[in-house]
Amino acid sequence: MAMVVLALTGFSSGHKSSGRHKSSHRDSDSGGGCSSSRQQHDSYTPRTTSTRSSSSSSALRDGTALVVSCATTAIPYATVEVTNPNSRQATFEVEFAFADAAGKALSSQTKRISVPARGTSNVQVKASPSLLAELDHCQVEPEADLVN
């Protein structure tokens with residue numbers, strides 16, 4: 001019966017001490033294989049996450065608009081500066097109005113302007129001589145809507 005037990009456990013009667021060493025070595029090998037397969041699984045997850053985040057960052061944003069100067073009798077046009085926050089050229093629509101002292105719009109216009117990537121461009125809005133007689137100030141919608 002002792003021979004059967006020794007045969008099942010992998011020990012031989014003559015090399016009992018070297019058999020234990022081999023057995024413990026095999027246990028450590030199998031443990032390393034399990035952790036290795038988990039590392040491969042974990043490295044797959046960040047790739048999936050980074051792919052999703054890069055696709056959402058490509059959306060373009062609206063620009064901003066600011067009145068640089070209003071029309072006067074000496075210079076009969078207003079100048080509006082439009083800023084593009086995007087990393088590529090874009091076209092924007094700007095809503096502009098000439099207003100009287102009470103804030104009532106005398107004339108309003110929508111202008112389109114192409115602006116370079118992360119840059120600014122100016123658009124001019126001409127005022128008629130009759131409009132200049134009542135003009136008090138210029139107004140622009142601060143958000144320049146993205147067209148493309």
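In which strand is Ala105 found? Ala105 is found in strand β4. Before we look at its surroundings, note that this is a predicted model.

Start with the overall layout. The protein chain has 3 helices and 7 strands. Read along the sequence, two helices come before a run of five strands, and then a helix is followed by two strands: α-α-β-β-β-β-β-α-β-β. The chain has 148 residues, and buried residues make up 21% of them. The chain exposes about 10200 Å². Carbon and sulfur atoms supply 53% of that area. Now take the contacts with a separation of 6 or more. Residues 24 or more positions apart account for 64% of these.

Back to Ala105. Setting aside neighbours within four places in sequence, Ala105 is in contact with Ala97, Phe98 and Ala99. Strand β3 covers residues 90–99, so these three partners fall within its DSSP run. Ala105 has a relative accessibility of 44%. It counts as partly exposed because that value lies between the 20% and 50% cut-offs. Leu135 is 30 residues from Ala105 in sequence. In space, the two C-alpha atoms are 9.3 Å apart.

Strand β4 also takes part in a salt bridge. How many salt bridges does the structure hold? The structure holds 1. The side chains of Glu93 and Arg112 meet in it, at 3.0 Å from N to O. The pair links distant parts of the chain, with Glu93 in strand β3 and Arg112 in strand β4. The two residues are 19 apart in sequence. Are the partners buried or exposed? Arg112 counts as exposed, because its relative accessibility of 57% is over 50%. Glu93 is partly exposed, with a relative accessible area of 27%.

Move on past β4, which spans residues 105–115. Arg118 sits in the loop between β4 and β5, the latter covering residues 120–126. The backbone stands out here: Arg118 has a positive phi of about 50° although it is not a glycine. Arg118 counts as exposed, at 61% relative accessibility.

Next, strand β1, which covers residues 63–69 and contains Thr64. Thr64 is partly exposed, with a relative accessible area of 44%. Which residues does Thr64 contact, leaving aside its neighbours within four places in sequence? They are Glu81, Val82, Thr83, Pro142 and Ala144. Two of these partners, Pro142 and Ala144, flank position 143. For Glu143 itself, the C-alpha atom is 4.7 Å from that of Thr64. In sequence, Thr64 and Glu143 are 79 residues apart.

Glu143 is found in strand β7, which covers residues 143–146. Glu143 is partly exposed, with a relative accessible area of 44%. Which residues form the negative surface patch? The patch is formed by Asp62, Glu95, Glu141 and Glu143. Glu143 meets the exposure requirement for a patch because its 44% is over the 30% cut-off.

Keep two sites in mind when you turn the model. One is the salt bridge between Glu93 and Arg112. The other is the negative patch that includes Glu143.

Terms used
Residues numbered from 1 in each chain as written. Predicted model: local features only at pLDDT ≥ 70, side-chain atom pairs only at ≥ 80, totals over all residues. Heavy atoms only, no water. Patch = residues over 30% accessible without salt bridge, like charges linked within 9 Å, V, L, I, M, F, W, Y side chains within 5 Å. Areas by Shrake-Rupley, 256 points an atom, 1.4 Å probe, with all protein chains shown as cover. Salt bridge = Lys/Arg side-chain N within 4 Å of Asp/Glu carboxyl O. Lys, Arg positive; Asp, Glu negative; His and termini not counted. Charge placed at Lys NZ, Arg CZ, Asp CG, Glu CD. Helix = DSSP H or I, 4+ residues; strand = E, 2+ residues; numbered from the N terminus. Buried < 20%, exposed > 50% of the residue type's maximum accessible area, 1.4 Å probe, protein only. Contact = heavy atoms within 4.5 Å.
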